[in-house]
Amino acid sequence: MPGKPLQDCVDLHVHTTASDGSFSPAAVVELAARSGLAAIAITDHDTVDGCAEAVATGKKLGIEVLPGIEISLDFVDNTHLLGYFPRGYTAEFLSAIATLKAYREERIPKILSKLEELGCPVTLAEAQKESGNDVIGRPHIARIMLRKKYVSSIQEAFDRYLASNAAAYVRKRKFTPEEALSLIGRSGGVPVLAHPVTMDMESAMLARYIPVWKKAGLRGIETLYSEYSIEQQLFLEDLADRESLLKTGGTDFHGSSKPKIAIGSGKGNLRVPKSYYDRIVGN
Ligand code: AMP
Ligand code: ZN
Ligand code: FE
Ligand code: FE
């Protein structure tokens with residue numbers, strides 16, 4: 001593996017088969033332990049179903065596993081909120097998450113009927129099977145479309161059909177930023193804005209929203225991420241420092257659906273210091 005080793009590093013943004021990652025929670029934790037990471041957070045889209053297995057595997061292998069989530073928000077495209085739960089989940093939080101799953105379940109059949117009209121039929125049973133009967137996301141549909149040769153890559157499936165400006169897109173009902181911030185805060189979690197510079201918004205505008213969201217409960221921003229340029233990283237670190245927010249970082253590891261992103265190191269050079277993890281869990 002190229003680059004510096006991952007000892008004393010963490011990865012606070014990791015997906016499993018509980019959402020659209022390709023490794024099971026146990027396999028992700030095994031991989032993280034083998035890579036030498038000190039801790040990881042499990043942040044599946046709109047579900048915490050993978051966390052118990054991951055935490056149990058972490059205990060066995062001697063790597064710290066922080067339960068988390070990544071919630072898509074009703075705001076500009078790609079506005080995602082990470083929530084970290086060092087003290088576990090509350091009953092209120094779990095029932096709110098069930099609502100998110102229901103929102104997704106409303107949406108998938110609508111996407112599939114648009115695809116059928118567009119000459120690319122995918123059945124609900126196929127989508128369920130691809131997701132392992134867990135949360136179904138657009139990446140699962142994209143994988144089936146690739147297998148059926150409707151498209152020649154996952155990216156083409158998004159560009160032509162599934163992206164927010166494409167032919168088979170269906171909006172999903174989502175929490176507003178204020179709803180999600182308040183929910184995570186009330187539940188004893190630490191809300192962190194995921195990959196802010198990938199949101200569909202100018203950075204000057206983003207800088208104006210951060211203090212507003214901080215008042216609503218935002219505790220941190222993801223300042224280290226696989227896809228940032230150095231300029232973007234510095235912009236976010238400066239923003240976090242100015243607003244006295246926690247800095248966090250992670251790769252957004254998904255396994256084979258994002259094959260260029262490795263756990264812990266992203267495209268090779270990402271290193272997230274363990275101190276970022278310690279501040280979230282209150283060490
Ligand atoms: P969903 O959970 O159904 O909203 O799908 C969200 C996931 O789809 C994201 O985590 C990305 O992995 C992927 N995704 C969303 N938009 C795009 C895009 N334009 N190109 C490639 N992948 C995308
Ligand atoms: Zn994903
Ligand atoms: Fe995200
Ligand atoms: Fe993610």
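This passage describes the metal sites, the surroundings of ligand 1 and the cysteines of a predicted model.

The iron ion (ligand 4) is held by four donor atoms, which come from H13 (NE2), H15 (NE2), E70 (OE) and D252 (OD) and lie at 2.1 to 2.2 Å from the metal. Along the chain, these donors follow the spacing H-x1-H-x54-E-x181-D. The angles that the four donor atoms subtend range from 80 to 168°, and the arrangement around the iron ion (ligand 4) is therefore irregular. Of the two histidines in this site, H13 is buried, with a relative accessible area of 0%, and H15 is likewise buried, with a relative accessible area of 0%.

A zinc ion (ligand 2) lies 4.8 Å from the iron ion (ligand 4). The zinc ion (ligand 2) is coordinated at 1.9 to 2.6 Å by D20, which is listed twice through OD atoms, and by the NE2 atoms of H45 and H254. The donors of the zinc ion (ligand 2) follow the spacing D-x24-H-x208-H along the chain. Because H45 lies in the loop between strand 2 (39-42) and helix 2 (51-61), while H254 lies in the loop between strand 7 (246-250) and strand 8 (272-273), the pair ties together parts that are 209 residues apart in sequence. Both histidines fall under the 20% limit for a buried residue, since H45 has a relative accessible area of 12% and H254 has a relative accessibility of 5%.

The residues around ligand 1 include D20 and H45, both of which also coordinate the zinc ion (ligand 2). Among the other residues around ligand 1 are R104, R107, G137, R138, P139, Q155, F158, A163, K172 and K258. Polar side-chain atoms approach this ligand at several points: one belonging to H45 lies 3.1 Å from an oxygen atom of ligand 1, and an N or O atom in the side chain of R104 lies 2.9 Å from an oxygen atom of ligand 1. In the case of Q155, an N or O atom of the side chain is 3.2 Å from a nitrogen atom of ligand 1. Ligand 1 taken alone exposes 500 Å², of which the protein buries 76%.

The cysteines may be considered last. A disulfide is a covalent bond between the sulfur atoms of two cysteines. The structure holds zero disulfides. C9 is buried, with a relative accessible area of 8%, and C120, at 3% relative accessibility, also counts as buried.

Notes:
Residues numbered from 1 in each chain as written. Chains lettered and ligands numbered in written order. Predicted model: local features only at pLDDT ≥ 70, side-chain atom pairs only at ≥ 80, totals over all residues. Heavy atoms only, no water. Disulfide = S-S within 2.5 Å. Buried < 20%, exposed > 50% of the residue type's maximum accessible area, 1.4 Å probe, protein only. Donors = N, O, S within 2.8 Å, 3.2 Å for Na, K, Ca; no water. Helix = DSSP H or I, 4+ residues; strand = E, 2+ residues; numbered from the N terminus. Near = heavy atom within 4 Å. Polar contact = N/O pair within 3.5 Å; in protein donor to acceptor, adjacent residues only side chain to side chain. Areas by Shrake-Rupley, 256 points an atom, 1.4 Å probe, with all protein chains shown as cover. Tetrahedral: all angles 85-135°; square planar, octahedral: opposite > 155°, others 65-115°.
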